[in-house]
Amino acid sequence: MQTLVNKMARSRTMSKSKTKSTNVKFRDALTILLFIAPAFIVYAVYVLYPIFSTFRYSLHAWDGMSEMTFVGFANYIQLFQDAVFWTSLTNNAWVVIVSVFVQIPLGLLMALMLFAPIKGIRFMSSVYFFPFLMSTVAIGLLWVLMYDPINGIINQLVTLLGFDSVSWLSQADTAMFAVLLVVVWQFAPFYMILFKAAIVGIPEELYEAAKMDGANALTKFIHITLPMLMPTIVSSSILAIVGSLKAFDIFYIMTGGGPNHGTELMGTYMFKQAFINFNMGYASAIAFLMFFIALVVTIIIQMLDFYRKKRGAYS
């Protein structure tokens, strides 16, 4: 009898303990949700809702003022048959390639130079960062003047070297190159700052150990600096790709997408369809496709990064 009473008492104690544990977990979860709620509400209103609204608008024919007419996926079908859209997508691909394979390596090189034992390097770090601090409008107008075929400083240097003057922004075969040069000049300092911060975080003991083993500067970079910077390189690549896919301002300011759509991007083409042709549904289809491409590319990069970490390629 006493054993039965003890078992019942233990059962009640365990039941109370489980109930108390459940209440604590519920209270903790509720506390977490309350702290997350403000940020989630802002995120939902300014990120999630616009994405879903854009997709909804893309399924309609709409001029932005009159009643919307549901057309299903007609805008997307028309989009894939639009030669200008494919030109803009190709140009965006070039921006992505230049951003990843020119901007990021250049930013890394500039960051490494900041750690070189060179006199006046602190001043140079400020000079390097100036382009990123400038307004995009100011940069665009500045470079338009520099590319001026008559009075521009670039053509003056070209003619000084004995070559003919070039209409950089008026010719389809040079306009894209000219704007991409400005993009690299403007955004390479941003990646320089990212890499500089990452290099500062590398333990000095690793370099000291490598030095004791007789490693030279190149060996240290290949086997210590570069592997330790891989997370930053991955993050920078994502930023560069997403930023390149939604690029707009510098191209619109300098060329407006011309000549003959030679520098047209998805962003500039979307703007023209929305606010010049008042074809909001078609523009929304372009915008949603931009988002979808950026999302897919980001997921692919994150998956590749995950599998590389899983294989132990870097920490």
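This passage walks through the helices, cores, surface and a few distances of the structure shown above.

The model is predicted. A good place to start is the annotation. The UniProt record, in an unreviewed entry, places the feature "domain: ABC transmembrane type-1" at residues 89-301. Over this stretch the chain is 76% helix and 0% strand, with end C-alpha atoms 19 Å apart. The unreviewed UniProt entry also places the feature "transmembrane region" at residues 93-115, 127-147, 175-200, 221-242 and 280-301. Two of these spans can be looked at one by one. Residues 221-242 are 100% helix and 0% strand, and the C-alpha atoms at the ends of the span lie 28 Å apart. Residues 280-301 are likewise 100% helix and 0% strand, and here the distance between the end C-alpha atoms is 31 Å.

Turning to the interior, the largest nonpolar core holds 42 residues, and Leu79, Phe195, Leu229 and Ile286 touch the most other members. At least two residues of this core come from each of α2 (74-80), α3 (83-113), α4 (121-133), α7 (172-200), α8 (204-212), α9 (217-245), α11 (266-275) and α12. Helix α9 gives the largest share, 9 residues. Phe195 offers a handy view of the packing: leaving aside neighbours within four places in sequence, Phe195 is in contact with Ile104, Gly107, Leu108, Ala111, Leu229, Thr232, Ile233 and Ser236. Apart from this core lies another, of 22 residues, including Ile154, Val166, Val182 and Ile250.

Helix α11 deserves a closer look. Most of α11 is covered, with 7 of its 10 residues buried. The buried residues of α11 are Met266, Gly267, Thr268, Tyr269, Lys272, Gln273 and Ala274. Their cover includes α3, α9, α10 (249-254) and α12. One member of the buried group, Lys272, also takes part in a salt bridge with Glu264, in which the closest N and O atoms are 2.9 Å apart. Both Lys272 and Glu264 are buried. A search of the whole structure finds 1 salt bridge.

The surface has its own features. A nonpolar patch there is formed by Phe291, Phe292, Leu295, Val296, Ile299, Ile300, Met303, Leu304, Phe306 and Tyr307, which together have about 920 Å² of accessible area. Tyr307, one of the patch residues, lies in helix α12 (residues 280-310). Because its relative accessibility is 43%, Tyr307 counts as partly exposed; the range for that label runs from 20% to 50%.

Two further residues help with finding one's way around the model. Lys119 lies in the loop between α3 and α4. With a relative accessible area of 85%, Lys119 is exposed, because that label applies over 50%. Lys119 and Phe248 are 129 residues apart along the chain, and their C-alpha atoms are separated by 39 Å. Ala74, for its part, lies in helix α2. The relative accessible area of Ala74 is 35%, so this residue is partly exposed. From Ala74 to Ile121 the distance is 57 Å, C-alpha to C-alpha, with their positions 47 residues apart in sequence.

Key: Residues numbered from 1 in each chain as written. Predicted model: local features only at pLDDT ≥ 70, side-chain atom pairs only at ≥ 80, totals over all residues. Heavy atoms only, no water. UniProt positions renumbered as here; feature names shortened; annotations may be inferred. Helix = DSSP H or I, 4+ residues; strand = E, 2+ residues; numbered from the N terminus. Salt bridge = Lys/Arg side-chain N within 4 Å of Asp/Glu carboxyl O. Buried < 20%, exposed > 50% of the residue type's maximum accessible area, 1.4 Å probe, protein only. Patch = residues over 30% accessible without salt bridge, like charges linked within 9 Å, V, L, I, M, F, W, Y side chains within 5 Å. Areas by Shrake-Rupley, 256 points an atom, 1.4 Å probe, with all protein chains shown as cover. Core = buried A, V, L, I, M, F, W, Y, C linked by side-chain atoms within 4.5 Å. Contact = heavy atoms within 4.5 Å.
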